[in-house]
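Have your viewer open and the selection tool at hand. We will go from stop to stop, and at each one I will tell you what to select and what is there.

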Amino acid sequence: MVIEYNGTVLRNEVAIKKQRTYKSQNRGVFMFRIDSERVVDASQTGGLARYINHSCTPNCVAEVVTFERGYKIIITSNRRIEKGEELCFDYQFDCVDSQHKIACHCGTADCRKRIN
Ligand SMILES: C[S@@+](CC[C@H](N)C(=O)[O-])C[C@H]1O[C@@H](n2cnc3c(N)ncnc32)[C@H](O)[C@@H]1O
């Protein structure tokens with residue numbers, strides 16, 4: 001394990017409202033989708049894991065572990081990581097319409113050129 005992605009678990013509807021609010025306040029939005037109903041919001045209460053960037057050829061994997069009392073998002077490495085190397089994982093965002101695509105700058109040979 002490398003780090004846990006901490007934050008507040010929100011219902012989807014609440015997460016969408018909060019996302020709008022953060023954007024209207026010019027604040028960063030740091031959210032991790034657990035499933036179609038729940039999102040972990042790390043924008044206000046999250047730790048350092050929220051700063052991990054996306055890569056199409058990542059050195060880490062983010063997994064949702066379910067417990068009786070909730071969820072944990074665990075980020076583990078999938079290979080040896082050298083000192084000073086940037087941590088990254090595949091965001092696995094859903095594909096969205098062409099107007100809202102985010103270009104990927106991971107720079108790896110297998111880059112898909114967009115994050116979503
Ligand atoms: C959770 S934040 C990651 C931390 C962010 N780079 C920062 O400095 O706060 C996610 C955002 O970072 C940017 N990002 C992350 N990985 C990227 C990538 N491979 N290419 C381009 N932008 C990326 C995108 O704007 C994305 O919406």
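Start by selecting Asn26, just after helix 1: its phi is positive, at about 60°. Keep in mind as you look that this is a predicted model.

Now step back into helix 1 itself and select residues 12-24. At 1.5 Å a residue, these 13 residues should span 18 Å, and the end C-alpha atoms lie 19 Å apart, so the two values agree.

Next, colour the chain by secondary structure. You should find 1 helix and 8 strands. Followed along the sequence, they come in the order β-β-α-β-β-β-β-β-β.

The segment after strand 8 deserves a few clicks. Pick Gln92 there. Its phi is near 50°, a positive value in a residue other than glycine. Gln92 counts as exposed because it has 11 C-beta neighbours inside 10 Å, and the cut-off for exposed is 12 or fewer.

Move on to Lys113, also placed in the segment after strand 8. Lys113 is not a glycine either, and its phi is positive, near 75°. With 10 C-beta neighbours inside 10 Å, Lys113 is exposed.

Stay in that segment for Ala109. Is Ala109 buried or exposed? It is exposed, since 6 other C-beta atoms lie within 10 Å. Add Thr57 to the selection: Ala109 and Thr57 are 52 residues apart in sequence, while their C-alpha atoms are 8.2 Å apart in space.

Now show the ligand. Which residues surround the ligand? Select Gly28, Phe30, Arg50, Tyr51, Asn53, His54, Ser55, Ile102, Cys104, His105, Cys106 and Ile115. Coloured by type, this shell divides into 6 nonpolar, 5 polar and 1 charged residue.

Zoom out to see the whole chain. Along the principal axes, its C-alpha atoms fill a box of roughly 40 × 35 × 25 Å. A compact globule of 116 residues would have a radius of gyration near 13 Å; the chain has 15 Å, so it agrees with that expectation. Buried residues make up 16% of the 116. If you draw contacts between residues at least 6 apart in sequence, 59% of them join residues at least 24 apart.

Finish by colouring by confidence. The chain averages a pLDDT of 94, and 97% of the residues score at least 70. For the model, the scores are ipTM 0.98 and pTM 0.94.

Terms used
Residues numbered from 1 in each chain as written. Predicted model: local features only at pLDDT ≥ 70, side-chain atom pairs only at ≥ 80, totals over all residues. Helix = DSSP H or I, 4+ residues; strand = E, 2+ residues; numbered from the N terminus. Expected span 1.5 Å × (residues − 1). Buried ≥ 20, exposed ≤ 12 C-beta atoms within 10 Å, placed from the backbone. pLDDT = per-residue confidence, 0-100. Near = placed C-beta within 6 Å. Nonpolar A, V, L, I, M, F, W, Y, C, P; charged D, E, K, R; others polar. Rg over C-alpha atoms; globule rule 2.2 N^0.38 Å. Contact = placed C-beta atoms within 7 Å.
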